[in-house]
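Reader: I would like a close look at a single part of this model rather than a tour of the whole. Could you choose one place, say what surrounds it, and then work outwards from there?

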Amino acid sequence: MIAVGYARVSTDKQQTASQVAEVERFAPTKGLDLSKYGVLVEEERVEKKSDGTTRVKGVSAFKLRLDQRPQGKRLVELVESGKVGAVIVYKHDRLFRRASEALGWAEKLSDLGIKLYAVDQGVEV
C-alpha cells in the first residue's frame, strides 16, 4: 500500500531525523510503501535574535492547523486526492495537538478508507 510519512518538531530539543528514521523502519513491518512520497518534513526555522545569537524554531501544531503548515498542506492534498492509502507519524501529536482537529481528521481518514499509523504505539489507529 502506498503511504506517506509526516514529521515535525516544535522545539530546538527535538529532531526530525529520528522521527523520519522511525517512520521509515516501521513502514515495511506493515507492508507500507514510502518510496513514492517519502516522509514529509516540516522544516525548522532559524531565527536571529537581537543579541546576535540564533535559535531554531519548529512548526507549532497549536498555532497552525495541519492544512496551514507547508508540508501539512501537501499531506492534505495527497490524502484528499486518494494518492495514498496510509499516513504514518512517529506520534499523533506530530499531526495535531487539538482534540477537535484530531477527531475531525480521524473521521475524514476513516471515511476515505485511509489508515493512520502511529509508530510509538505500533498500531493503526
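Author: **One residue and its surroundings**

Leaving aside its neighbours within four places in sequence, A7 is in contact (heavy atoms within 4.5 Å) with T16, Q19, V20, V39, L40, V41 and E42. Before going further, note that this is a predicted model, in which local features need pLDDT of at least 70 and side-chain atom pairs count only at pLDDT 80 or more, while totals for chains, interfaces and linings use all residues. Residues are numbered from 1 along each chain as its sequence is written, and side-chain values use heavy atoms, with hydrogens and water left out.

A7 lies in strand β1, where helices (H or I, at least four residues) and strands (E, at least two) are DSSP runs numbered from the N terminus. Because its relative accessibility is 0%, A7 counts as buried; buried means under 20% relative accessible area, exposed over 50%, and partly exposed in between, with a 1.4 Å probe and protein chains only. The C-alpha atom of A7 is separated by 9.1 Å from that of E43, which is 36 residues apart from A7 along the chain.

The rest of the strand shares this cover, since five of the five residues of β1 are buried. A3, G5 and A7 point one way from β1, whereas V4 and Y6 point the other way. The strand also has partners, and two strands pair if DSSP finds at least two bridges between them. β1 runs parallel to β5, to which four bridges join it, and G5 stands opposite I88 in β5. Three bridges join β1 to β2, again in parallel, with Y6 opposite L40 in β2.

Three of the contacts of A7, namely T16, Q19 and V20, bring in helix α1 (residues 16-26), whose buried residues are T16, Q19, V20, V23 and F26. Seen down the axis of α1, these buried residues fall within an arc of 130° (taken from the directions from the helix axis to the C-beta atoms), so they line one face of the helix. On the other side of α1, A17 and R25 are exposed. What covers the buried residues of α1 includes β1 (3-7), β2 (39-41), β5 (86-89) and β6 (115-118).

The strand also leads to two nonpolar cores, each a set of buried Ala, Val, Leu, Ile, Met, Phe, Trp, Tyr and Cys residues joined through side-chain atoms within 4.5 Å. The largest has 19 residues, and V4 is one of those with the most contacts inside it, together with L66, L75, V79, V87 and L95. The elements that give two or more residues to this core are β1, α2 (70-80), β5, α3 (99-112) and β6, and α2 gives the most, with four residues. A second, separate core of 14 residues includes A3, V20, V23 and V119. In soluble globular proteins, nonpolar side chains tend to be buried together.

As for confidence, pLDDT is the predictor's confidence in each residue, from 0 to 100, and the protein averages 82, with 77% of the residues scoring at least 70. Among the elements, β5, a partner of β1, has the highest mean pLDDT (96), and strand β4 (residues 54-57) the lowest (48).
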